[in-house]
Amino acid sequence: MKKFKIYIVDFDGTLIDSYQGLPIFYRHAFGAIGYNVSDEEAYHFSKISLEAAFKEKVDKEELIPAFKEACYNIITTKILLPYNNIYKDASFFINYIKDNNLPLALVTGNALDHVNMVLDKEKINRFFNYKITSELLSKQKPDPEGILLTLDKFHYQGDKKDICYIGDSYNDYLAAKAAGVTPILLDRFNEFKENEDYILIHSLTELI
């Protein structure tokens, strides 16, 4: 695999296995505004933005502020921490980044407090040059805002194809494509097909 000049990664489902905590998060968030969520819905919502999940489930726009507040409240407590653990292949990938002194950044729609708690727990926080989280974003993926902001942080002026964005959802691919960087789609569960528009991998160890 080609060595990239900068590695930008997604958080949930890419570096961190948060699968078991998803029903807890979405039940709390939607429960706060009077809606029940099944496990199946929670796993589906995890693949789209919070705004899209809200629009699919709720037809009352006046509930958006309460929904966002509930999302922030649950994600910034330690309730979900035991359900967020680094993937084994992500540990190997981070060690590769560390050993080769490669630039690494994170782009996620998650909250900074939660991201820091998880990265601190896994003892990998110090390896990230930049972390672009929900507090810095006005738009969520597939909008490329987070990736473009990362490029600004690095003051990068070279060929964008020498930068990769690694994520586990189609929205991650779309964001990378819109930003002009190389999309790497992590397909842990054989959900996607080979496509010339992105690099398809099944483990982060394929980047080493």
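1. The crossing of helix 3 (residues 50–57) and helix 4 (64–75) is right-handed; a crossing counts as right-handed if the near helix is turned clockwise from the far one by less than a right angle, and left-handed if anticlockwise. The two axes come within 12 Å and cross at roughly 130°, which makes helix 3 oblique to helix 4. Axes here are lines fitted to C-alpha atoms, for helices over the stretch in contact, with angles running from 0 to 180 degrees between N-to-C directions. Oblique is what remains once angles under 35 degrees (roughly parallel), over 145 (roughly antiparallel) and 65 to 115 (roughly perpendicular) are set aside. Helices (H or I, at least four residues) and strands (E, at least two) are DSSP runs, numbered from the N terminus.

2. A word on the model. This is a predicted model, in which local features need pLDDT of at least 70 and side-chain atom pairs count only at pLDDT 80 or more, while totals for chains, interfaces and linings use all residues. Residues are numbered from 1 along each chain as its sequence is written, and side-chain values use heavy atoms, with hydrogens and water left out.

3. Back to that first pair: Leu50, Glu51 and Phe54 of helix 3 meet Ile64, Phe67, Lys68 and Cys71 of helix 4, contact meaning heavy atoms within 4.5 Å. By class, this contact has 5 nonpolar, no polar and 2 charged residues. The classes are Ala, Val, Leu, Ile, Met, Phe, Trp, Tyr, Cys and Pro as nonpolar, Asp, Glu, Lys and Arg as charged, and the others, Gly among them, as polar.

4. Helix 3 also meets helix 1 (residues 22–31), with axes within 12 Å and a crossing of roughly 60°. That angle makes helix 1 oblique to helix 3. Phe25, Tyr26 and Phe30 on helix 1 face Leu50, Ala53, Phe54 and Lys57 on helix 3, a set of 6 nonpolar, no polar and 1 charged. Here, too, the crossing is right-handed.

5. Do have a look at helix 6 (residues 112–121), where His114, Val115, Met117, Val118 and Leu119 are buried (under 20% relative accessible area, with over 50% being exposed and in between partly exposed; 1.4 Å probe, protein chains only). Their cover includes strand 2, helix 4, strand 4 and strand 5. Lys123 follows this helix with a positive phi, near 60°.

6. In helix 8 (residues 170–179), the buried residues are Asn171, Asp172, Tyr173, Ala175, Ala176 and Ala179. Helix 7, strand 6 and strand 7 are among the elements covering them. Just after the helix, Gly180 has a positive phi of about 90°.

7. Asn171 counts as buried because its relative accessibility is 17%. Beyond its neighbours within four places in sequence, Asn171 touches Lys47, Ile48, Ser49, Lys141 and Pro142. The last two are joined by a cis peptide bond, with omega about 25°, and Pro142 sits in the loop between strand 5 and helix 7. Most peptide bonds are trans, and most residues other than glycine have a negative phi, so both kinds of exception are worth a glance.

8. Two loop residues have positive phi: Asn101, at about 50°, and His155, near 55°. Asn101 lies between helix 5 and strand 4 and is exposed at 70% relative accessible area. His155 lies between helix 7 and strand 6 and is exposed at 64%.
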